[in-house]
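Me: Can you zoom in on the packing in this model and tell me which pieces meet where? Please spell out the cut-offs as you go.

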Amino acid sequence: MARSICKRIALMFLLLIGMSFLVFASLYIAPGDPASMVAGPSATEEDIANIRVSLGLDKPFLVQYFMYLKRLVHLDLGMSYTSRQPILSELLVRLPHTLNLACAAMIISVFLGVPAGILTALHKDSFIDNFLTTSSLILLSIPNFLLGVILMYFFGVKFKLLPVGGMEHFFWTPEGFREAILPAFALATGTMASFIRLGRSAMLDVMQTDYIRTAKSKGLKRGAIIFGHAFRNALIPLVTQFGTSFGGLLGGAIITEQVFVINGIGTYLINGIRNYNYPVVQSTVLLIAAMFILINLIVDILYCVIDPRIKLQG
Amino acid sequence: MSDIRRTNPFRTAVNKLLKNKLAVVCLVILVVEILMVIFAPLITPYDFSEQDPSIRLRPGFWAQWTEITDPEAPGYNKKNQYVPGHYLGTDAFGRDVFARILYGGRISLTVGVISTLMGLLVGVTCGLLAAYFPKLDNPIMRVMDLLFAFPSILLAMLIIAMLGINIINTTIAIAIWSIPSFARMVRGKALQVKEEDYIMATRSLGARDSRILFQHILKNCMPTIIVIATMRMASSLISISTLSYLGMGVVPPQPEWGDMISAAKEQMWNRPSLTFVPGVVVMVTVICFNILGDKLRDILDPSLKD
């Protein structure tokens with residue numbers, strides 16, 4: 001097992017390097033001259049030329065890429081063109097806001113989605129099943145931003161029950177909880193829908209296995225079968241979904257942050273794109289993607305700890 | 001013996017689909033919507049950019065039922081009156097919302113269709129090549145893994161950052177974003193088809209690789225491709241409206257559904273219909289594509305269910 005975990009980690013590094021190359025290359029060919037952006041509007045031709053040399057922008061593409069990698073390893077993400085501050089510190093200030101939102105959304109989707117999925121499986125083809133399966137399709141079809149706007153209108157503007165925007169506190173504090181409900185719910189729906197669908201099919205699969213039949217023929221009570229035997233086994237495929245979903249939530253948070261005016265890394269990224277602030281775009285995209293890869297790796301390892309039958313592949 | 005007739009699999013699938021009421025409803029909604037969008041100039045006399053400052057922020061037809069028409073009565077407000085002809089009301093510049101929905105649909109649906117087709121073309125080719133030529137499998141699929149490693153809409157945003165903000169680049173970005181889904185699914189299906197006896201038979205008859213690949217394997221992957229394309233169409237529509245909402249889609253005054261929702265933000269308090277009308281249109285369209293995709297999958301390729 002240790003060997004396959006090592007292999008997995010090595011693959012993750014390859015993926016990260018590939019990703020950094022893709023991100024670097026895509027913004028290398030983007031229009032605009034970084035040297036004149038760094039120099040500012042009042043710089044002379046000579047200043048710009050000096051800056052170009054000092055940043056190494058006169059070097060060939062691959063050399064520049066390796067310089068970029070070297071800086072990345074030293075956690076030097078460069079300077080923001082607009083604020084002239086180091087990007088790393090700007091990201092670290094904003095990251096907790098995004099994680100706060102994504103974690104709150106994850107909790108909502110797991111604690112509503114998984115029980116709903118299991119409920120549909122236990123009452124297959126009943127009214128509850130049809131109702132929840134159809135609503136999960138509808139939840140999947142509403143764009144996040146639209147749901148955010150609708151929730152904001154009803155709960156924030158019309159009935160004034162919850163704050164309309166901003167997430168300044170962590171969601172486990174009383175103020176933070178009220179602030180988190182709307183944005184987290186708006187972000188969670190897609191993930192929740194996938195948990196409902198996956199929970200349903202996982203539970204249906206488990207209920208058809210031999211050991212459940214044995215448990216039934218032993219005369220075990222329905223509750224004991226469901227919670228003692230079936231539920232625990234149905235959770236296994238859901239663990240993988242957890243990894244993919246968290247990445248999706250981090251990506252989706254970019255949009256929800258815009259709707260609810262939350263100063264997270266998503267807002268930072270969008271402002272970066274609007275202002276042609278390439279180092280900011282590079283670093284934010286890389287950070288989100290790297291977190292996604294890392295979470296998937298952790299989930300993969302967890303997966304084989306939970307279920308020793310599964311061997312890590314690749 | 002009489003049962004042995006040549007059946008057209010396409011016709012069988014269409015017949016099955018037409019027996020499903022929900023699928024027919026969705027199909028009808030989409031066809032009507034597409035026709036309305038194409039023939040927009042015949043349906044509405046207004047232009048999407050025509051401003052009329054005298055009728056800013058008017059409500060739609062629903063205001064007729066509740067409005068106070070007597071100028072003497074308390075609560076009378078000329079600004080809350082429905083202006084006949086502007087069925088869905090007007091926006092902050094006095095532009096007709098119905099016309100903007102119709103012309104905006106041209107952008108949303110065109111971008112959706114073109115980006116899905118572009119993604120399909122490249123993705124299906126990659127998937128087929130990866131499945132058929134073992135040497136190409138690893139390089140192609142590792143690139144797809146790399147593209148898959150950007151969660152959600154992040155990849156589309158990176159591409160827009162690289163190319164600049166305009167509608168063509170947005171289309172390209174959404175297309176590239178959908179390539180890996182096509183490639184993965186088609187590769188999986190093509191690997192199965194490749195092992196079938198009739199492929200072996202064709203090969204032993206001396207057929208060339210290109211013929212086997214495009215004439216036989218591609219044809220047998222078609223059901224899968226149709227299902228994925230319908231579902232991708234739904235995600236493309238969500239993406240284009242989301243990117244427009246974020247200001248990375250159309251250039252004003254060109255309307256687009258997501259952009260209309262974004263523009264309505266400031267009017268949320270006094271004219272929420274400006275948000276809800278385009279919102280409902282986006283939602284209904286996406287739901288129809290998703291349900292259609294769901295039913296098509298049940299008919300054409302139930303193995304895709306997980």
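Reply: Chain A is built from 12 helices and zero strands, so to speak a run of α-α-α-α-α-α-α-α-α-α-α-α when you read along the sequence. Helices here are DSSP runs of H or I with at least four residues, strands are runs of E with at least two, and both are numbered from the N terminus. Keep in mind that this is a predicted model: local features need pLDDT of at least 70, side-chain atom pairs count only at pLDDT 80 or more, and totals for chains, interfaces and linings use all residues. Residues are numbered from 1 along each chain as its sequence is written, while chains are lettered from A and ligands numbered from 1 in the order in which they are written.

The C-alpha trace of chain A spans about 85 × 55 × 30 Å along its principal axes. Chain A has 314 residues, and 37% of them count as buried (20 or more other C-beta atoms within 10 Å of a residue's own; 12 or fewer is exposed, in between is partly exposed, and C-beta atoms are placed from the backbone). Take the contacts in chain A between residues at least 6 apart in sequence, and 71% of those join residues at least 24 apart; a contact means that the two C-beta atoms, placed from the backbone, lie within 7 Å.

Chain B has 11 helices and zero strands. Its trace spans about 90 × 55 × 30 Å along the principal axes, and 44% of its 306 residues count as buried. For contacts in chain B at least 6 apart in sequence, 73% link residues at least 24 apart.

Now for the packing itself. Chain A splits into domain 1 (2–73) and domain 2 (95–306), with bounds that come from an automatic or database domain assignment. Their centres, taken over C-alpha atoms, are 34 Å apart. Across the boundary, 14 residues of domain 1 of chain A touch 12 residues of domain 2 of chain A. On the domain 1 side, helix α1 (residues 2–28) of chain A gives the most, with 11 residues. By class, that side has 11 nonpolar, two polar and one charged (Ala, Val, Leu, Ile, Met, Phe, Trp, Tyr, Cys and Pro are nonpolar, Asp, Glu, Lys and Arg charged, and the others, Gly among them, polar).

Between the chains, 34 residues of chain B are in contact with 40 residues of chain A. Each of α5 (134–148), α6 (154–163), α9 (209–245) and α11 (273–300) of chain B supplies at least two residues to the chain B side. The largest share, nine residues, is from α11(B). That chain B side breaks down into 24 nonpolar, seven polar and three charged.

What sits in the middle? The largest nonpolar core holds 153 residues, and those with the most contacts inside it are A:A105, A:A289, B:A156 and B:L158. Such a core is a set of buried Ala, Val, Leu, Ile, Met, Phe, Trp, Tyr and Cys residues joined through C-beta atoms within 7 Å. Domains 1 (2–73) and 2 (95–306) of chain A both give residues to this core, so it lies between them. Setting aside neighbours within four places in sequence, B:L158 is in contact with A:V23, A:S26, A:V285 and B:F150.

One helix pair is worth a look too. α10(A) and α11(A) pack with axes 7 Å apart at about 85°, the axes being lines fitted to C-alpha atoms over the stretch in contact and angles running from 0 to 180 degrees between N-to-C directions. The two helices α10(A) and α11(A) are therefore roughly perpendicular (65 to 115 degrees; under 35 is roughly parallel, over 145 roughly antiparallel, the rest oblique). In this pair, A:A253, A:I254, A:E257 and A:Q258 of α10(A) meet A:G266, A:T267, A:L269 and A:I270 of α11(A). The contact has four nonpolar, three polar and one charged residues. In the loop between α10 (222–259) and α11 (265–274) of chain A you find A:V261, which isn't a glycine yet has a positive phi of about 50°. With 12 other C-beta atoms within 10 Å, A:V261 is exposed.
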